[in-house]
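Subject: Structure handover and notes

Dear colleague,

I am passing on the structure we spoke about, and I would be grateful if you could look it over before you set anything up. The sequence and the model come first, and my notes follow underneath.

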Amino acid sequence: MANEPRLVEVRRNVLKRNDVVARALRENFREAGVTVVSLVSSPGSGKTAFLEKTLTLLQPRYRVAALVGDLATENDALRLARSGAKVSQITTGTLCHLEAEMVRGAVETWNLRELDFLFLENVGNLVCPSSYDLGEELRLVLLSVTEGEDKPLKYPTIFNSADVAVITKTDLAAAVEFDWPAAAANIQRVRPGMRVIQVSAKTGEGMDQWLAFLEALRTPAQTRA
Ligand code: MG
Ligand code: ZN
């Protein structure tokens, strides 16, 4: 107990430092005209499949790249590289989330002006990523139909830190008897007005709406001829 205030303070300082780095990153991204989107979810929600599909569909018309955070393996990065996009792995080791400093280090040698979209796939975890700003413009929280409708109620903080909820694996919804009205109600209860996008990376259902939403994020000033 006696140590608690000190630990709380250490933690607060770590977060403060992260915010400083994240703010500088966001500034760099804006100046370079790159739209940065991060993805958070539990392990197994289909982040990588969704991202692979997104990269593949964007690739013909945009210059896209992805940074993938993973505890140990490079499997996701290798899979994403199949899309033809520039992909780099951030192996976090024992750390269960990405921090702004890791993103900064990964893009340090990149010419960000050569990119239109940059995606940041966070480590599969619905808890601590909520506390770490990565300098992204848009944060997606993914929820697969196989996880159940009550995820937003169990992890309200991450849903609050995100801008858009993406419901994935919709091709399996009927099989698992996914309760769409309950899912929508739970999301709205935690984050009123939150935008919800439904997709199946497998069938491609909903990907056109997602891409239209993504493309609309790029302001005329950011769109190069
Ligand atoms: Mg993954
Ligand atoms: Zn963590």
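The notes below go through the sheet, its central strand pairings, the cores, the helices and the two metal sites.

Please bear in mind throughout that this is a predicted model.

The sheet

The strands form an open sheet of seven, in the order β3-β2-β4-β1-β5-β6-β7, and the pairing is parallel. At the edges are β3 (86-91) and β7, each of which pairs on one side only. Averaged over the sheet, and with direction ignored, neighbouring strands are turned by 20 degrees against each other.

Strand β4 deserves a closer look, since several of the later points return to this strand. Five bridges join β4 to β1, and five bridges likewise join β4 to β2, with the strands running parallel. On the β1 side, Thr35 has Phe117 as its bridge partner in β4, while the partner of Leu39 is Glu121. Glu121 is also the bridge partner of Val68. The strand is mostly covered, in that five of its five residues are buried. In a regular strand the side chains alternate between the two faces of the sheet. In β4, Phe117, Phe119 and Glu121 point one way, whereas Leu118 and Leu120 point the other way, and all of them are buried.

The cores and helix α8

Which residues touch the most other members of the largest nonpolar core? Of its 28 residues, these are Phe50, Phe119, Leu140, Trp210 and Leu214. Two or more residues each come from β1, α2, β2 (64-70), α3 (75-81), β4, β5, β6 and α8, and α8 gives the most, with six residues.

Phe119 illustrates how these elements meet: leaving aside its neighbours within four places in sequence, Phe119 is in contact with Val37, Leu39, Leu51, Thr54, Leu55, Leu58, Ala65, Ala66, Leu67, Trp210 and Leu214. Apart from this core lies another, of 21 residues, among them Leu25, Leu98, Val107 and Trp110.

Helix α8 (residues 207-217) has Met207, Trp210, Leu211, Phe213, Leu214 and Leu217 as its buried residues. Seen down the helix axis, the buried residues of α8 fall within an arc of 160 degrees, and they therefore line one face of the helix. An α-helix has 3.6 residues a turn, so residues three or four places apart point the same way. The face of α8 turned away from the buried side carries the exposed residues Asp208, Gln209 and Ala216. The buried residues of α8 pack against β1 (35-40), α2 (47-58), β4 (117-121), β5 (138-144), β6 (164-168) and β7 (195-198).

Helix α4 (residues 100-107) can be described in similar terms, with Ala100, Val103, Ala106 and Val107 buried. Down the axis of α4 these buried residues fall within an arc of 125 degrees, so they line one face of that helix.

The metal sites

The magnesium ion (ligand 1) is coordinated by Thr48 (OG1), Asp76 (OD) and Glu121 (OE), at 2.1 to 2.3 Å, and along the sequence these donor residues are spaced T-x27-D-x44-E. Because Thr48 lies in helix α2 and Glu121 in strand β4, the pair ties together parts that are 73 residues apart in sequence. Thr48 counts as buried, at 7% relative accessibility, and Glu121 is buried with a relative accessible area of 2%.

For the zinc ion (ligand 2), the protein donors are Cys96 (SG), His97 (ND1) and Cys128 (SG), which lie 2.0 to 2.2 Å from the ion and follow the spacing C-H-x30-C along the chain. Are Cys96 and His97 buried or partly exposed? Cys96 is partly exposed, with a relative accessible area of 32%, whereas His97 is buried, with a relative accessible area of 5%.

A loop residue

One last item concerns Ala72, which lies in the loop between β2 and α3 and counts as exposed at 59% relative accessibility. Ala72 and Arg191 are 119 residues apart in sequence and, C-alpha to C-alpha, 32 Å apart in space.

With best wishes

Terms used: Residues numbered from 1 in each chain as written. Chains lettered and ligands numbered in written order. Predicted model: local features only at pLDDT ≥ 70, side-chain atom pairs only at ≥ 80, totals over all residues. Heavy atoms only, no water. Buried < 20%, exposed > 50% of the residue type's maximum accessible area, 1.4 Å probe, protein only. Helix = DSSP H or I, 4+ residues; strand = E, 2+ residues; numbered from the N terminus. Arc of directions from axis to C-beta. Contact = heavy atoms within 4.5 Å. Core = buried A, V, L, I, M, F, W, Y, C linked by side-chain atoms within 4.5 Å. Donors = N, O, S within 2.8 Å, 3.2 Å for Na, K, Ca; no water. Pairing = 2+ DSSP bridges. Axes fitted to C-alpha atoms, helices over the stretch in contact; angles between N-to-C directions.
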